[in-house]
Amino acid sequence: MERIQSQFRKNWQHKLENLGFGYHSLDGLYWDESHYYQFSTEEIDKIESATAELWQMCLEAVDYVIEKNLWDKFSIPEWFRNYIITSWEEDHPSVYGRFDFGFDGKNLKLLEFNADTPTSLYEGSVIQWYWLQEMFPHKDQFNSIHEKLLGCWKHLKNYMNPHHIYFASLTNIEDVTNVEYMRDCASQAGFDTEFIPVQDIGWAEDISEFIAGDRSIMEYIFKLYPYEWILADGFGEKLVKNGFRSQWIEPAWKILLSSKAILPVLWEMYPNHPYLLESYFEPKHLKDFAKKPIYSREGANVILHKNNVPVEENDGVYGKEGFIYQQLFDLPNFNGNYPVIGSWVIGQEPAGIGIRESVHLITNNQSRFVPHLIG
């Protein structure tokens, strides 16, 4: 894994905007092609293999959480547990997820799994691919995200009827871009699709149905809106009352995998596994560790400790559900830049990577997206 100097393409902003990528520089530079990361084929094979193995381990972990009745560890209220179990037992479809890895060229470790509402999908799938085609057309990239998304939606079309899906998110440009891209993939697979802002999803109390603005009953809803927010909003009770007449994608069982609480569960199930970092619900003997909220986003409320002394922390509004403690992984330091690899699983398969880079040890919403290639 090397970090190699490059140059911004002439009119790069215009080229990105022509692809519909409008948030390349919203809060400072986000898309950063001043350099790129180069991986060997062996390194990519390792990332791909780890992604496939961890995905299977995570599926085992869902069974484990349900069997061991570990709901309190995930701060799941009693009334929502059967809803999760049903979505799991009925195999409600999952489209995607993103494992975040620390990788120093030798050790590859899972930092967390963005299983419910992963973003950076469009830049990982489309934008960095166009960059590669223009800059290094004879090189390759670990990136079959687009093809696998199309394949996944085509597969789901065999089981989902009617073929009309609502795609919902908040209305900020990043979420809308990611959801519109996912919507385009579903449309190409043959679904009828429609965008709706999350806040416009209605609830008809008299018939216990989710309805759109024209009072159509919404049978399938793809959401870029996390389950923990749905529970906090009071909409979780409506999901239960509705009884799956509206089916939500990602499914409810993904809340278990998107919670940081899955990290100590995985460590308990697979102690000393080479892709896992030691993780617990208490600090135990750890001296160098990351204290992470059970639920949080973009590194909020994460505190890094070295020799039991806090060395970096992010503010935020999370933490009321509790914390987990994960052995600290030393991210590789490229002249003060620290990359984290986001490795996508689409359907059931590894599909490609995107790199987020920060001048901080905690990746946050100011971290830049840097393209990659296979050298």
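## A parallel sheet

In strand β9, K223 is the bridge partner of A168. That pairing belongs to a predicted model, so read what follows as a description of a prediction. The two strands involved are β5 (residues 164–169) and β9 (residues 220–224), which run parallel and are joined by four bridges.

Zoom out a little and β5 and β9 turn out to sit in an open sheet of four parallel strands, ordered β6-β5-β9-β10. The edges belong to β6 (192–197) and β10 (247–249); each has a single partner strand, so one side of each has no neighbour in the sheet. Going from one strand to the next, the twist averages 25°.

## The antiparallel strands around β17

Now for some pairing in the other sense. Strand β16 (residues 338–346) and β17 run antiparallel and share nine bridges. One of the pairs is V340 with R356, the latter in β17. The two strands make a hairpin with two residues between them, and G347 there takes a positive phi near 65°.

β17 also pairs with strand β18 (residues 368–370), again antiparallel, through three bridges. Here E357 has R368 of β18 as its bridge partner. Those two residues turn up again in a salt-bridge network, covered further down. As for how covered β17 (residues 349–358) is, nine of its ten residues are buried.

## K260, a buried lysine

Where does K260 lie? You'll find K260 in the loop between α9 (254–258) and α10 (262–269). Its relative accessibility is 5%, and since the cut-off for buried is under 20%, K260 counts as buried.

What does K260 touch, leaving out residues up to four places away in sequence? The list is E112, K292, P293, I294, S296 and I324. With S296 there is a specific polar contact: the K260 side chain reaches the backbone oxygen of S296 at 3.3 Å.

With E112, K260 forms a salt bridge, the closest N and O atoms being 4.0 Å apart. E112 is in strand β4 (residues 108–114) and K260 in the α9–α10 loop, so this pair ties together parts that are 148 residues apart in sequence. E112 counts as buried too, at 19% relative accessibility.

## Other salt bridges

How many salt bridges does a search of the whole structure find? The answer is 18. One of them pairs K148 with E349, again with the closest N and O atoms 4.0 Å apart. This one links distant parts of the chain as well: K148 is in helix α5 (residues 145–157) and E349 is in strand β17, 201 residues apart. Both ends are partly exposed, K148 with a relative accessible area of 23% and E349 at 45%.

For a local example, look at R183 and E180, whose side chains meet in a salt bridge at 3.2 Å, N to O. Both lie in helix α6 (residues 173–188), three residues apart, or about one turn of the helix. R183 is partly exposed at 21% relative accessibility, and so is E180, at 29%. Elsewhere, R3, D32, E357 and R368 are joined into one network by salt bridges that share partners.

## What the record says

The UniProt record, an unreviewed entry, places "domain: Glutathionylspermidine synthase pre-ATP-grasp-like" at residues 12–374. In this model, that span is 33% helix and 25% strand, and its end C-alpha atoms lie 22 Å apart.

Definitions and conventions:
Residues numbered from 1 in each chain as written. Predicted model: local features only at pLDDT ≥ 70, side-chain atom pairs only at ≥ 80, totals over all residues. Heavy atoms only, no water. Buried < 20%, exposed > 50% of the residue type's maximum accessible area, 1.4 Å probe, protein only. Polar contact = N/O pair within 3.5 Å; in protein donor to acceptor, adjacent residues only side chain to side chain. Contact = heavy atoms within 4.5 Å. Pairing = 2+ DSSP bridges. UniProt positions renumbered as here; feature names shortened; annotations may be inferred. Axes fitted to C-alpha atoms, helices over the stretch in contact; angles between N-to-C directions.
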